[in-house]
Amino acid sequence: MVFSIAMRSVGALRRGTLFVSFFVQACLIVIAVALIEADIIPHTSADAGLDGGPLFLELIPIALLAFQSAGGMTCSRSLGYNEIPTVVLTSVYFDIASDPKITDKPTTNVKRNRRIGGVVFLLIGAIVGGWLSRSSGGMQSALWMAAGMKFVAAIGWLFWSAAPPK
């Protein structure tokens, strides 16, 4: 709701708005991973103590990541790419399976292609994230990469050519 209202109020398709949105998303990821890296957030129940202790602090990075995810969803909707999955795959699976043009040539069904591409790339991202979480860098390395990609996307919006007037 926050991203949606903010983007609509200043113009969702303006380059500056998209830059700020992606930059804020990158900052939220950086804050979340920095909290984890600084050992402010307990990693296991043993870290939190026998009584449960401050294990609820794990909710802070989860909330930050969820909030930035809402920013990504808002951007994809604002840009008119509703068919690209940003968070949940269930509706995308349904859209692919119920597409009456599912067997059409690849050049004739762009939305189907985006949906399938989105599912494939999310699967690849999950696999890479799993490998990274098992590496010596842990899950933090995947989050740093995500923050870097969001930052690169934010910078990209600054240099994106404006659409020609219609």
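Where is the place of Lys-150? The place of Lys-150 is in helix 7, which covers residues 138–159. The model described here is predicted.

## Overall build

The chain has seven helices and zero strands. Read from one end of the sequence to the other, the pattern is α-α-α-α-α-α-α. Along the principal axes, the C-alpha atoms fill a box of roughly 60 × 40 × 25 Å.

Of the contacts between residues at least 6 apart in sequence, 57% join residues at least 24 apart.

## Surface and charge

Of the 166 residues in the chain, 30% are buried. The chain exposes about 10,800 Å², and carbon and sulfur atoms supply 70% of that area.

The chain has 13 positive and 9 negative charges. The mean position of the positive charges lies 20 Å from the mean position of the negative charges.

## Lys-150 in helix 7

Is Lys-150 buried or exposed? Lys-150 is buried, yet Lys-150 has no salt bridge. The nearest side chain of opposite charge is that of Glu-83, 17 Å away. A salt bridge needs a side-chain nitrogen of Lys or Arg within 4 Å of a carboxyl oxygen of Asp or Glu.

Which residues does Lys-150 touch, leaving aside its neighbours within four places in sequence? The contacts of Lys-150 are Phe-22, Gln-25, Ala-26, Ile-29, Gln-68 and Gly-72.

## Ala-147 in helix 7

Helix 7 also holds Ala-147. Ala-147 has a relative accessible area of 4%, so this residue counts as buried, the cut-off being under 20%.

Leaving aside neighbours within four places in sequence, Ala-147 is in contact with Ala-26, Ile-29 and Val-30. Two of these names, Ala-26 and Ile-29, also appear among the contacts of Lys-150. Ala-147 and Ile-31 are 116 residues apart in sequence, but their C-alpha atoms are 9.7 Å apart in space.

## Cysteines

How many disulfides does a search of the whole structure find? The search finds zero. Cys-27 forms no such bond because its sulfur is 14 Å from the closest cysteine sulfur, in Cys-75, which is too far. The cut-off for a disulfide is a pair of cysteine sulfur atoms within 2.5 Å. Seen from the other side, Cys-75 is in no disulfide, with the sulfur of Cys-27 as its nearest cysteine sulfur.

The two cysteines can also be described by their exposure. Cys-27 has a relative accessible area of 31% and is therefore partly exposed. Cys-75, at 1% relative accessibility, counts as buried.

Conventions. Residues numbered from 1 in each chain as written. Predicted model: local features only at pLDDT ≥ 70, side-chain atom pairs only at ≥ 80, totals over all residues. Heavy atoms only, no water. Helix = DSSP H or I, 4+ residues; strand = E, 2+ residues; numbered from the N terminus. Buried < 20%, exposed > 50% of the residue type's maximum accessible area, 1.4 Å probe, protein only. Lys, Arg positive; Asp, Glu negative; His and termini not counted. Contact = heavy atoms within 4.5 Å. Areas by Shrake-Rupley, 256 points an atom, 1.4 Å probe, with all protein chains shown as cover. Charge placed at Lys NZ, Arg CZ, Asp CG, Glu CD.
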